[in-house]
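Q: Please take a close look at one part of this structure, the nonpolar patch on its surface, and then explain how the rest of the chain is built around it.

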Amino acid sequence: MKTKKITLLAVLMALCVVGRLIFVYIPNVQPVSAIIIISSFFMGPAFGIILAAGSAILTNLFLGTGIWTVFQILAWAFIGIVSGLLGKAFPNMKIIVIAIFGALFGYLYGLIVSLNILVVTDYFWAYYLAGLPFDTYHAIGNVAFILLLYPFLKKLLLDYKKQNYD
């Protein structure tokens, strides 16, 4: 991987960390998912996986790490893979469609992260259903952050790709 790409990843991870820390007091509302969705859409699935893993590990150094960190990495990596594949298959997708996927990914993230409860107990459905309001916050936050960040990140990522075709 080239130095410029590593730098781009580092900047996006830093944006994820700062964004998650700024919004830590609003449950499940944070820009990490939106940044992963948009970045993976333009840069591909592998980029999304690296961004997902790095962002989860770095943010949890500040917020606390546990078994859920593994499930956050899995959830965000899966979202990055799907977003990257969508970007390859439909490169001219409208922002509103990406925002709708962002809402769906908010619920998918909650489902995958909720699987961590199976490590401790078998009351998955009670845990998952109790968390649905928070998944709704995540879905709404994803839509808002995608609509807000998409124009800026699209320009940044397309400029990078134009200057550094790799």
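A: **The nonpolar surface patch**

Val24, Tyr25, Ile57, Leu58, Leu61, Phe62 and Leu63 make up a nonpolar patch on the surface, and together they have about 750 Å² of accessible area. The model is predicted. One member of the patch, Tyr25, sits in the loop between helix 1 (3–22) and helix 2 (32–43). Tyr25 has a relative accessibility of 76%, so it counts as exposed, the cut-off for that class being over 50%.

The loop that holds Tyr25 also holds Asn28, which lies between helix 1 and helix 2. The phi angle of Asn28 is near 65 degrees, which is a positive value in a residue other than glycine. Asn28 counts as partly exposed because its relative accessibility is 31%.

**The chain as a whole**

The protein chain has six helices and zero strands. In sequence order its pattern is α-α-α-α-α-α. The C-alpha atoms fill a box of roughly 50 × 30 × 25 Å, taken along the principal axes. For 166 residues, a compact globule would have a radius of gyration near 15 Å, and the chain agrees with this because its own value is 15 Å.

Among contacts with a separation of 6 or more, 77% are between residues 24 or more positions apart. The accessible surface of the chain comes to about 8,700 Å², and 75% of it belongs to carbon and sulfur atoms.

**The interior**

Of the 166 residues in the chain, 46% are buried. In soluble globular proteins, nonpolar side chains tend to be buried together. The largest nonpolar core here has 38 residues, and Leu12, Ile38, Leu51, Trp76 and Leu157 touch the most other members. At least two residues of this core come from each of helix 1, helix 2, helix 3 (45–63), helix 4 (67–89), helix 5 (95–114) and helix 6 (124–163). Helix 2 gives the most, with nine residues.

Leu51 is one of the core residues named above. Leaving out residues up to four places away in sequence, Leu51 touches Leu9, Leu12, Met13, Cys16, Ile35, Ile36 and Ser39. Leu12 is thus found both in this list of contacts and among the core residues that touch the most other members.

**Helix 6**

Side chains of opposite charge can pair when their charged atoms come close. A search of the whole structure finds one salt bridge. It joins Lys155 to Asp159, whose closest N and O atoms are 2.9 Å apart. Both residues lie in helix 6, four residues apart, about one turn of the helix. Lys155 has a relative accessibility of 54% and therefore counts as exposed, whereas Asp159, at 30%, counts as partly exposed.

Helix 6 also contains Leu129. Leu129 is partly exposed, because its relative accessible area is 49%. Leu129 and Leu111 are 18 residues apart in sequence, and their C-alpha atoms are 9.5 Å apart in space.

To return to the starting point, the patch is a group of nonpolar residues on the surface, while the 38 residues of the largest nonpolar core are buried ones.

Definitions and conventions. Residues numbered from 1 in each chain as written. Predicted model: local features only at pLDDT ≥ 70, side-chain atom pairs only at ≥ 80, totals over all residues. Heavy atoms only, no water. Patch = residues over 30% accessible without salt bridge, like charges linked within 9 Å, V, L, I, M, F, W, Y side chains within 5 Å. Areas by Shrake-Rupley, 256 points an atom, 1.4 Å probe, with all protein chains shown as cover. Salt bridge = Lys/Arg side-chain N within 4 Å of Asp/Glu carboxyl O. Buried < 20%, exposed > 50% of the residue type's maximum accessible area, 1.4 Å probe, protein only. Core = buried A, V, L, I, M, F, W, Y, C linked by side-chain atoms within 4.5 Å. Contact = heavy atoms within 4.5 Å. Rg over C-alpha atoms; globule rule 2.2 N^0.38 Å.
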